[in-house]
Amino acid sequence: MRAVRMTAPGVLEQAELPTPAAGPGEVLLRVGAVGACHSDLHILDAPAGIFPIPLTLGHEIAGIVDQVGPGVSGWSPGDRTAVYGIIGCGHCRACLRGLENQCRVVPVGGIGLSRDGGLAEYVVVPASRLLHVGDLDLSQAAPLTDAGLTPYHAIELARPKLRPGTACVVIGIGGLGHMAVQILVATTAVRIIAVDTSVAALELASRLGAHEVVQAGPDAVEQIRALVGPPPDGADVVLDFVGADPTLITARQVVATGGKLLLVGLAGGTLPVRPVADEPPTVPLETGVVVPFWGTRAELQEVIALGQVGQLHADVQTFPLERAPEAYEALRRGEIHGRAVIMP
Ligand SMILES: [Zn+2]
Ligand SMILES: [Zn+2]
């Protein structure tokens, strides 16, 4: 089968591999679609020794069951599925509560991170990682598993603060942010304020239901403050899908006292929680900061349900498998609008 693999740090290459077989408890999927995620760039950029090499990337997978391994029940060839990418230990405190994204035994990993992923014609996954998607288009189902699930989980963590009439600031309307806007529209009655540097991204946010848009820049904080009022009031929830120094400065300057700041983006910015001399103000008093990670299987089922009723739609740009390296380069240059989806 054809696959696209990381063969050395920073190197993504086409490969011809034997088609794998499903072992006990596993299922062989014919891959229908794989989302290209910023995390894949972090994997590619990581120094040797952190991720296995060679590694077939791709952790946002949707596909059709091709072969069922020994001991698997409930799945048959032809079933249309989405893959929950995390593989927790299954028996720690967190896993027993269904929080495999907080597993206390297995370090951060999963399909396409610590074992071969979906950038191939076929992938083997544990049957327990599959969810039915019905007749949902696979190019939609794939991005739901991460670009949809990660913002859904972040919003779930902030849910008690997302009261009707409050404001939620969404920073970064990319692959995850444009899903966050739709999830907020579908599941809350908050005033959504979208922030991005790109005018096209802000237009997308408006089309998806954001009530206000603010272009990132020197006066963004002032513009957001005009909408949410002066401190100690502010936005009850801020979702930062970028996580760079400038976005974190904006985030902490607009969040309300007692609010919640969710740092989802991995751009490497610093968020001081104690006042630093000559720096912009730190997070307000009583404000909670969370660094969410991906989501749970139960949440993925709800995300798929939103997709099935048409309330969550990924804006996708599709690429054939042989153009996957090109898709990642475009992602790196910030040229992908919505989500790049590779169709093997
Ligand atoms: Zn991802
Ligand atoms: Zn565990």
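## Internal cavity

In this predicted model, the count of cavities of 30 Å³ or more comes to one, and the largest cavity has a volume of about 30 Å³. Its lining is formed by Met6, Pro9, Ile43, Ala46, Pro47, Ala48, Gly49, Phe51 and Ile53, a set that divides into eight nonpolar residues, one polar residue and no charged residue.

Ile53, one of these lining residues, also precedes a cis peptide bond, since the link from Ile53 to Pro54 has an omega near 0°; Pro54 itself is placed in the loop between H1 and E4.

## Two zinc sites

The zinc ion (ligand 1) is coordinated by Cys37 through SG, His59 through NE2 and Asp146 through OD, at 1.7 to 2.2 Å, and along the chain these donors follow the spacing C-x21-H-x86-D. Because Cys37 lies in the loop between strand E3 (26–36) and helix H1 (38–45), while His59 lies in the loop between strand E4 (55–56) and strand E5 (60–68), the pair ties together parts that are 22 residues apart in sequence. Both Cys37 and His59 are buried.

The zinc ion (ligand 2) has the donors Cys89, Cys92, Cys95 and Cys103, each contributing SG, at 2.3 to 2.4 Å. The angles among these four donor atoms run from 106 to 117°, and the site of the zinc ion (ligand 2) is tetrahedral. The donor residues are spaced C-x2-C-x2-C-x7-C in sequence, and among them Cys89 and Cys92 are buried.

## Helix H4 and its surroundings

Helix H4 (residues 177–187) is largely enclosed by the rest of the structure, because eight of its eleven residues are buried. The buried residues are Gly177, His178, Met179, Ala180, Val181, Gln182, Ile183 and Leu184, and they pack against helix H3 (138–158), strand E9 (167–171), strand E10 (191–196), helix H5 (199–208), strand E12 (235–240) and helix H8 (297–308).

## Backbone exceptions

Most residues other than glycine have a negative phi, and most peptide bonds are trans. The bond from Pro231 to Pro232, however, is cis, with omega near 5°, and Pro232 lies in the loop between helix H6 (220–228) and E12.

Positive phi values occur at Glu286, where phi is about 70°, and at Trp294, where phi is near 50°. Glu286 belongs to the loop between strand E13 (255–263) and strand E14 (288–290) and is exposed, with a relative accessible area of 70%, whereas Trp294, in the loop between E14 and H8, is buried, with a relative accessible area of 5%.

Notes. Residues numbered from 1 in each chain as written. Chains lettered and ligands numbered in written order. Predicted model: local features only at pLDDT ≥ 70, side-chain atom pairs only at ≥ 80, totals over all residues. Heavy atoms only, no water. Donors = N, O, S within 2.8 Å, 3.2 Å for Na, K, Ca; no water. Tetrahedral: all angles 85-135°; square planar, octahedral: opposite > 155°, others 65-115°. Buried < 20%, exposed > 50% of the residue type's maximum accessible area, 1.4 Å probe, protein only. Helix = DSSP H or I, 4+ residues; strand = E, 2+ residues; numbered from the N terminus. Contact = heavy atoms within 4.5 Å. 1 Å grid on protein atoms, 1.4 Å probe; cavity = no way out; pocket = protein on both sides within 12 Å on 5 of 7 lines; lining within 4 Å. Points joined across faces, edges and corners; volume = space filled by probe spheres on them. Nonpolar A, V, L, I, M, F, W, Y, C, P; charged D, E, K, R; others polar.
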